[in-house]
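Hi everyone, thanks for coming. I'd like to walk you through one structure today, so let's get it up on the screen.

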Amino acid sequence: MCRPTHFLRDAGGPLTTPRADLTVRAPMPKRRSKRSISPRAIIVLVVLALVLFVIGEGWLMLRTDRGQILAARWLGRSDEPRITQIVSRNIRHGLGVAGVVPDSIRELPPSSADDSSDDPARAPRVRWRIGLPPDASLLQANHALTQSLEDSGIEVMKGRERVGRSEDQQVVLLVGSGGRATHEVIFSRMPVIQGDPAQPDARMAIVVYGFGDDLELASAFVKLPAPFAVALPAGTRGGVGLFKAARDQGREIVLHLPLEPINYPQVDPGPGTILVTMKPQDIARTVRRYLDQAGPVAAVANHMGSLATQDMTVMAAIFRELHRQRVPFLHVSPAAGAVCKALSSELGVAYAEPDAVIEYEARAAAPAVLEKRWKSLLAEARDRGQLVVLVRATPHTRKFLPAALDPKRLKGVSVVPLASLLRRPTL
């Protein structure tokens with residue numbers, strides 16, 4: 001007989017069979033909740049981060065010229081040789097901004113008879129005489145140098161006008177930091193001598209351009225024994241070393257700024273080109289970086305830029321930075337729709353265009369072609385009184401320029417620094 005199967009019925013539920021094995025499980029342990037960070041700990045971490053940031057920024061600041069000048073002022077140690085060296089470097093930079101060429105700076109002995117220091121014991125360590133041409137403005141040179149030094153944290157402690165022993169007009173500045181003068185800077189403007197047959201009537205400035213990435217060609221031109229400026233491209237490989245080599249040779253520098261041309265990038269000015277799609281703050285930052293790399297420059301010139309020079313936003317960003325650093329703009333081969341001339345006047349930037357460009361003749365195989373063009377430019381300089389000429393850098397012009405710029409062959413034309421023929425605004 002079969003045993004009856006017993007069914008269990010849950011209350012109100014279906015019939016179920018009895019479980020063969022019932023396992024009793026222990027209760028699961030409760031998970032510990034994550035401990036939240038207290039507000040006090042967050043505040044401590046934020047304060048520590050800010051302290052570390054301030055320390056890092058301060059350390060970086062102390063590595064700059066301005067940081068060391070400010071530290072010397074606070075600590076009262078402005079007479080240290082390191083500070084004197086920094087002030088010297090910034091004065092040279094300021095003089096470059098003012099359009100003063102390095103050859104016009106002459107160091108004077110500390111015991112010179114025309115010492116302007118009231119206290120010999122606190123006389124400046126370094127004394128420089130800066131020669132300016134007869135038509136130069138002492139006020140503009142003084143203002144440009146003073147503004148440049150103040151931007152670097154250096155003080156112009158005293159300034160006065162006087163007449164030198166040679167009847168030359170002078171402005172004497174005492175420059176230093178922390179109440180101690182490290183430099184005496186004497187701007188001297190020679191008087192105009194009427195009827196001097198040795199004084200040429202015409203003035204000409206020469207700028208050699210077109211080096212591109214050919215650093216070897218640029219280095220060869222920089223070392224030539226001839227008085228001309230060089231237009232060096234910004235943003236190129238090895239460009240920083242080339243700028244330094246030009247400065248070491250006392251060569252006047254024009255910063256060749258690469259600007260976007262029509263049909264870019266098929267037509268390409270090279271690396272670091274300023275494009276019309278860039279934001280104004282990025283354009284200004286790029287121009288500032290290029291000027292810092294170049295050091296003191298006589299002017300900034302466009303390299304190509306047939307599209308960028310027609311863009312109001314692009315040129316306004318460039319000109320605001322040039323105005324801030326008081327650097328003229330030399331516009332090469334202006335496009336028909338360029339906005340540069342009108343905009344420069346509105347924003348207070350000195351503007352100029354070259355009077356002539358030697359391009360085809362510099363590439364011509366026949367030397368007579370280059371010689372003929374050069375003679376015509378000398379005649380034009382005599383007629384007009386002054387001329388700014390751009391010369392393409394080629395093997396032909398490398399051989400031609402030293403002989404062509406010999407004073408004996410110029411016949412009444414004086415080759416002068418480019419800065420002396422460019423107007424510089426004082427504001």
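**Around Leu-322**

Let's start with one side chain. Leaving aside residues up to four places away in sequence, Leu-322 touches Val-287, Leu-291, Val-300, Val-327, Phe-329 and Val-349. Before I go further, please keep in mind that this is a predicted model.

Where does Leu-322 fit in the wider picture? It belongs to the largest nonpolar core, which has 65 residues. Leu-322 is one of the members that touch the most other members, together with Phe-228, Met-315, Ile-318, Phe-319 and Trp-374. And which helix gives the most to this core? That is helix H8, residues 312–325, with seven residues. There is also another core lying apart from this one, with 22 residues, including Ile-83, Ile-86, Ile-105 and Phe-187. As general background, nonpolar side chains tend to be buried together in soluble globular proteins.

Now let's zoom out for a moment. The chain has 427 residues, and buried residues make up 43% of them. Its secondary structure comes to 13 helices and 16 strands. If you take the contacts with a separation of 6 or more, 66% of them are between residues 24 or more positions apart.

On to helix packing, with two pairs to show you. A pair of packed helices is described by the angle between the axes and the distance between the axes.

The first pair I picked is H11, residues 367–384, with H12, residues 395–404; their axes come within 11 Å and cross at roughly 40°. Because of that angle, H11 is oblique to H12. The crossing of these two helices is right-handed. On the H11 side, the contact is made by Leu-370, Glu-371 and Trp-374, and on the H12 side by His-396, Thr-397, Phe-400 and Ala-404. By type, that contact divides into four nonpolar, two polar and one charged. You may recognise Trp-374 from the list of core residues that touch the most other members.

The other pair is H5, residues 215–222, with H6, residues 239–248. Here the axes come within 10 Å and cross at roughly 10°, so H5 is roughly parallel to H6. Leu-215, Ala-218, Ser-219 and Val-222 of H5 meet Leu-242, Ala-245 and Ala-246 of H6. What is the make-up of this contact, in nonpolar, polar and charged residues? It has six nonpolar, one polar and no charged.

That's my tour, and I'm happy to go back to any of these views.

Notes. Residues are numbered from 1 along each chain as its sequence is written. This is a predicted model: local features need pLDDT of at least 70, side-chain atom pairs count only at pLDDT 80 or more; totals for chains, interfaces and linings use all residues. Side-chain values use heavy atoms; hydrogens and water are left out. Axes are lines fitted to C-alpha atoms, for helices over the stretch in contact, and angles run from 0 to 180 degrees between N-to-C directions. Helices (H or I, at least four residues) and strands (E, at least two) are DSSP runs, numbered from the N terminus. Angles under 35 degrees count as roughly parallel, over 145 as roughly antiparallel, 65 to 115 as roughly perpendicular and the rest as oblique. A crossing is left-handed if the near helix is turned anticlockwise from the far one by less than a right angle, and right-handed if clockwise. Contact means heavy atoms within 4.5 Å. Ala, Val, Leu, Ile, Met, Phe, Trp, Tyr, Cys and Pro count as nonpolar, Asp, Glu, Lys and Arg as charged, and the others, Gly among them, as polar. A nonpolar core is a set of buried Ala, Val, Leu, Ile, Met, Phe, Trp, Tyr and Cys residues joined through side-chain atoms within 4.5 Å. Buried means under 20% relative accessible area, exposed over 50%, partly exposed in between (1.4 Å probe, protein chains only).
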